[in-house]
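Student: I have a structure open on my screen and would like to talk it through with you. Could we start with how the strands pair?

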Amino acid sequence: MSKTYFIQTFGCQMNEHDSEVMAGLLEEKGFLPARTKNEADLVLFNTCSIRDNADKRFFGTLGQLKNKKLEKGDDLIVCCTGCMMQQQRVIDSIKSKYPWVDVVLGTHNIHELPDLLDNLYRERQKQLSVWQDGGEIIEGLPVRRLFEHKSYVNITFGCNNFCTYCIVPYTRGRERSRKPSDIVKEVEGLVADGVKEIMLLGQNVNSYKGDPEGPVADFPDLVKRLNEVEGLERIRFMTSHPKDLSDKLIDCFRTCDKLCHNFHLPVQSGSDRILKRMNRRYDSRKYLDLVRKLREACPDISISTDIIVGFPGETEEDFEDTLKLCREADYDSAFTFLYSIRKGTPAAEYEDQVPEDVKHERFNRLCDEINETSAYKNSLYVGREVEVLCDGPAKRVRGKMSGRTGTFKLVKFKGGSELTGKLVKVRITSSNTFSLEGELI
Ligand code: SAH
Ligand code: SF4
Ligand code: F3S
């Protein structure tokens, strides 16, 4: 009988996609997906380290598996990978507190998973394989996609920006770009396999480096090239760093018909003093200027952002600058985070950390402000006809399907599962803060 696997993913799209690759590798070895963690012969945790609560959640979940592992022994294999496994302090605490973990591997070498498992089954010995640095990009790994009709496509790995609060440059290594020809080949293959929408992934897609001599030298060139792929319907990308967002990319919204009218542009703070301390290398004026240009090029574009509240040294005045910027940027939505100390980053050493109660109070005020704008922006859709790529049955509502507009609005509507993967027209009948309701046309 085949063995079964279960992957639990924490963190961002990079991790979600890595999990799809590891699922592909496991299935190539004959593993079958298990329905639940409890039934699986192999449990893999793909971890995230972006904030302290991500760390805590992982250790909590891992701890819950201890008794089962001790009872089942070699019949239950436990693997840990992802960004936490790129840090020595984590590896040390796994070795000392969770010595029953079978396999540990880093973010740069997920392709080694099959070999590590072979060794494990053969030699009955724990396997650790952690690389601190990124090597060559490995092409052609199998992928088990979560959705048939849409897919993530990595274009860059790692990050060179070293924002002072952020752990990613340490866990994902220096930035590396895939070759344009490899990306185009992958996208063409995906489209032949039924994919309609792709999401190009990178910590900072704007700094993608193609072939300086060839037709695809930079990110806008790549978007233009992919816009020509026949049969592809929608192109999305994330994330963009404001310091590298060029007029050439903004212009793609005028010329590339497949480019979705949506832009995620993390601002982090509205205070120029704090932006400087964060090493973001833009100020609020430059940022708002980009927002204005994007809206000029694409009037119905939706814009979202990431904001950190309570970065060291943030005063009430700095925070009010953030509220003011949010009003001016008129966001469709925002991911808001409480600043979390990450050991090994410069900001962790800053002495003027903001007290927890002050952070929480500001966080709540910011969420109220953002939610109010989101609800208003969504209400403007009522009565409009939109195109939705149907993802499947809506969560927690019977008889309804859900999908996204090009502007990334979540839409729920009555319909059957035969609509999954189809582009459908929907008239919006009502709205709330986080989604829209509508009827099929
Ligand atoms: N590469 C992307 C985002 C990476 S992490 C970018 O630069 O936009 C996603 C978000 O997590 C960041 O945008 C930031 O808002 C948040 N984040 C990162 N480190 C954090 C920390 N130490 N505390 C709180 N939020 C953090
Ligand atoms: Fe982190 Fe900054 Fe890189 Fe984004 S750009 S991953 S926030 S260091
Ligand atoms: Fe987390 Fe790593 Fe992504 S730290 S947010 S999984 S790049």
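Student: Which residue of strand 11 is the bridge partner of methionine 199?

Tutor: The bridge partner of methionine 199 in strand 11 is arginine 236, and I should say at once that this is a predicted model. That pair belongs to a parallel pairing in which strand 10, residues 197-201, and strand 11 are joined over 5 bridges.

Student: And what order do the strands take in that open sheet?

Tutor: The sheet is open and has 3 strands in the order 7-10-11, with parallel pairing. Its edge strands are strand 7 (150-154) and strand 11 (234-238), each of which pairs on one side only, and the twist from one strand to the next averages 25°.

Student: Which strands does helix 1 lie across?

Tutor: Helix 1, residues 13-28, lies across strand 7, strand 10 and strand 11, and runs at about 105° to strand 7. Helix 7, residues 180-192, lies across strand 7 and strand 10, and its angle to strand 7 is about 170°.

Student: Switching to pockets, how much space lies in the second largest one?

Tutor: The second largest pocket holds about 670 Å³ of space. It is lined by 30 residues, of which Val21, Ile138, Leu141, Asn154 and Phe157 are the closest to its centre. Helix 1, strand 7 and helix 7 are the elements that each give two or more residues to this lining, and the largest share, 5 residues, comes from helix 7.

Student: How does that lining divide by class?

Tutor: The lining of the second largest pocket divides into 9 nonpolar, 10 polar and 11 charged residues.

Student: And what surrounds ligand 2?

Tutor: The residues around ligand 2 are Cys159, Asn161, Phe162, Cys163, Tyr165, Cys166, Val168, Pro169, Gln203, His241 and Arg280. By class, that shell has 7 nonpolar, 3 polar and 1 charged residues.

Student: Back to strands for a moment: which strand does strand 18 form a hairpin with?

Tutor: Strand 18 forms a hairpin with strand 19, with 4 residues between them. The two pair in the antiparallel sense over 5 bridges, strand 19 covering residues 436-440, and valine 426 stands opposite leucine 440 of strand 19.

Student: Where is the bridge partner of valine 388?

Tutor: The bridge partner of valine 388 is valine 424, in strand 18. Strand 15 (residues 385-393) and strand 18 (residues 423-431) run antiparallel and are joined by 5 bridges.

How values were computed
Residues are numbered from 1 along each chain as its sequence is written. Chains are lettered from A and ligands numbered from 1 in the order in which they are written. This is a predicted model: local features need pLDDT of at least 70, side-chain atom pairs count only at pLDDT 80 or more; totals for chains, interfaces and linings use all residues. Side-chain values use heavy atoms; hydrogens and water are left out. A residue is near a molecule or strand if one of its heavy atoms lies within 4 Å of it. Ala, Val, Leu, Ile, Met, Phe, Trp, Tyr, Cys and Pro count as nonpolar, Asp, Glu, Lys and Arg as charged, and the others, Gly among them, as polar. Two strands pair if DSSP finds at least two bridges between them. Axes are lines fitted to C-alpha atoms, for helices over the stretch in contact, and angles run from 0 to 180 degrees between N-to-C directions. Contact means heavy atoms within 4.5 Å. On a 1 Å grid over the protein atoms alone, a cavity is a set of points where a 1.4 Å probe fits but cannot get out, and a pocket is an open set with protein on both sides within 12 Å along at least five of seven lines; lining residues have an atom within 4 Å of a point. Grid points are joined across faces, edges and corners, and a volume is the space filled by probe spheres set on the points.
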